[in-house]
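Visitor: Hi! Could you walk me through the aromatic side chains in this one?
Guide: Happy to. Let's bring it up.
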Amino acid sequence: MATLQADPAQLCFESVRTRRLIIASYWLVVLLAVPLWWKTTSIERLALPASRVHAQRNRELSFPVEVNVETGDNPNLASLARGVQSIPVVDRKAVEGSAVDIKLHAGKRDASYNVVLHSGNGEPVVKGRELHFAVAPHEGRICDKTELGRLSDTLIKLIAPYSASTNSHVQTQRVMKYSPRYRLAFTLLNEDAASGKAAMTWNVQDAIQCHLGPLLGKLSDLHNFTIESQVQFHAPLAFQPRPIQHDGKDAHGLTHEDLTVFINSAEWTLSSSVSNDPVIHLVLFIPSTKNSPLHILDQQGSVHPSNAFLLPQWGGIVLLNPTSSAPIPHLTSSDLTPVFHTFAHQLLTLLGVPGLPPHVHSAHRADSEAQREPFTDWELDALLRRRALENVQGSTETLEAIVRLVDQIENMPVGQDVVGDVQEALDALNQAHESSRVSPFATLQHSARALTLASRAFFNPGMLALLYFPAEHTYAVYTPLFASVAAPLIGAVVRELMAWKRARKAAKEEAGQQRRVVEAAAIVKDS
């Protein structure tokens with residue numbers, strides 16, 4: 001009995017219709033998955049307030065500074081006081097870039113500063129926010145124009161010292177970037193305690209309280225300070241100091257090039273705690289026996305009178321050469337007095353305190369150490385205005401950088417957190433501009449908040465990720481996945497299209513042949 005073989009083409013699961021339905025179902029799944037894939041892989045890109053950001057560039061911060069000039073009961077100076085309001089004493093070009101608008105008045109009691117004129121030949125003296133200015137008569141009379149020029153020059157150097165100083169750019173390079181919080185790291189470094197010359201301990205707490213306490217207290221309106229200290233007994237130099245002769249004795253010298261590489265970061269551990277706050281390092285270095293005494297050399301190779309140097313935006317270093325070859329068991333407060341006087345000066349420089357002009361003196365500088373003022377209110381106010389101006393400028397530049405970055409990278413995500421930080425930073429900048437005419441301290445607070453928010457938006461993790469994962473990387477990731485899936489699906493569709501065309505062509509030919517057979521049969525029948 002013969003066995004019947006079934007035609008595979010006639011099986012239900014091998015039929016053309018079933019095969020095409022299977023291929024169509026695959027494509028249906030792909031098409032339905034596209035919206036889900038698009039949703040899950042799309043980025044959130046909200047609009048930034050670019051117009052508000054660009055508008056900040058045209059805004060200028062301005063601190064109105066009113067100065068009252070009084071003469072007391074001296075009738076000889078009355079004309080000079082009256083001339084204050086009629087003569088343009090303040091050179092606008094000299095205060096350009098300092099954001100101050102100085103106005104002089106006579107008889108205005110609620111002014112920010114007070115200038116007291118008196119006859120004499122002494123140099124100007126400041127006390128609080130008051131300037132005592134001596135006016136010297138020439139040939140029995142007072143030259144108003146000359147004295148107004150002297151007064152103008154003195155006020156510019158007191159109120160806008162950063163723009164008035166010829167070395168303002170150099171000083172700016174030394175100053176630490178503004179931060180509401182700093183860490184002060186005091187370190188006693190012994191190059192090699194085993195060599196004999198070393199300090200085992202130091203009375204750093206009393207020295208800080210005595211010499212830096214008033215200074216830090218006066219700066220508390222601008223910064224909060226966290227203090228830490230440590231002692232290291234082995235801190236070798238990464239180079240060999242130059243042998244020299246000084247006062248007929250062997251010594252060692254540090255050239256300018258040596259100072260730039262003095263810090264041996266590979267072997268010195270100068271920061272003992274983990275924090276995001278900027279660190280100001282104040283280091284007392286005691287050289288080993290083989291490198292003692294250690295001096296700093298000037299450009300001519302001679303020994304410099306100072307034994308301290310400053311590393312811009314990092315900290316200060318003081319060299320201490322012990323007179324005895326025996327180890328120093330303890331550095332007392334009196335031993336540390338000259339060292340911490342230098343630390344105080346370095347700290348003021350690093351924090352941007354401008355200092356008084358050379359010809360102006362403080363009324364408190366001659367008092368006892370306990371009552372000595374670290375710096376004057378004129379210097380504090382100038383620093384406060386300068387820091388507020390830097391914060392406003394830094395915030396504006398950071399916000400503009402965010403807008404440019406988002407415009408340049410089309411696929412960069414911009415989430416609600418970024419937009420919120422940018423809008424809050426703009427609001428803080430508006431508050432800073434509004435408060436600048438009332439309270440420089442409030443301006444500093446608003447500007448510091450604006451800088452913090454702008455920096456947080458710029459360094460947002462969602463935005464930073466795309467800088468290291470551009471669109472080209474996305475294509476490289478998806479192409480192998482989609483190519484392997486799409487190739488057989490597209491091939492199946494092409495094969496089915498070709499089979500459909502062939503079947504359609506065969507059906508047409510068969511229909512035509514049948515039509516010709518019918519026609520031929522009809523002709524034969526008629527004949």
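Guide: Bear in mind that this is a predicted model. A good place to start is Arg386, which lies over the face of Tyr162, 5.4 Å from the ring centre.
Visitor: Nice. And which ring does the charged end of Lys218 sit over?
Guide: That would be Phe375, with the charged end of Lys218 5.3 Å from the ring centre.
Visitor: OK, switching to ring-on-ring contacts. How many aromatic pairs are there in the whole structure?
Guide: A search of the whole structure gives twelve. One of them is Phe186 with Phe340, a stacked pair with 5.7 Å between centres and 20° between the planes.
Visitor: Where do Phe186 and Phe340 sit in the chain?
Guide: Phe186 is in strand β6 (residues 181-190) and Phe340 in helix α9 (residues 333-351). They are 154 residues apart, so the pair links distant parts of the chain.
Visitor: Are those two buried or exposed?
Guide: Phe186 is buried, at 1% relative accessible area, and Phe340 is buried too, at 0%.
Visitor: What about Phe262 and Phe309, stacked or edge-to-face?
Guide: Edge-to-face, because their planes are at 80°, with the ring centres 5.4 Å apart. Phe262 lies in the loop between α8 (256-260) and β11 (279-286), and Phe309 is in strand β13 (residues 308-311), so this pair ties together parts 47 residues apart in sequence.
Visitor: Buried or exposed, those two?
Guide: Both Phe262 and Phe309 are buried.
Visitor: Which residues form a cluster with them?
Guide: Phe239, Trp268 and Phe285 join Phe262 and Phe309 in one aromatic cluster.

Technical notes. Residues are numbered from 1 along each chain as its sequence is written. This is a predicted model: local features need pLDDT of at least 70, side-chain atom pairs count only at pLDDT 80 or more; totals for chains, interfaces and linings use all residues. Side-chain values use heavy atoms; hydrogens and water are left out. Rings of Phe, Tyr and Trp (its six-membered ring) pair if their centres lie within 6.5 Å; planes under 30 degrees apart count as stacked, over 60 as edge-to-face and the rest as tilted. Helices (H or I, at least four residues) and strands (E, at least two) are DSSP runs, numbered from the N terminus. Buried means under 20% relative accessible area, exposed over 50%, partly exposed in between (1.4 Å probe, protein chains only). A charge sits over a ring if NZ of Lys or CZ of Arg is within 6 Å of the ring centre and within 35 degrees of the ring normal.
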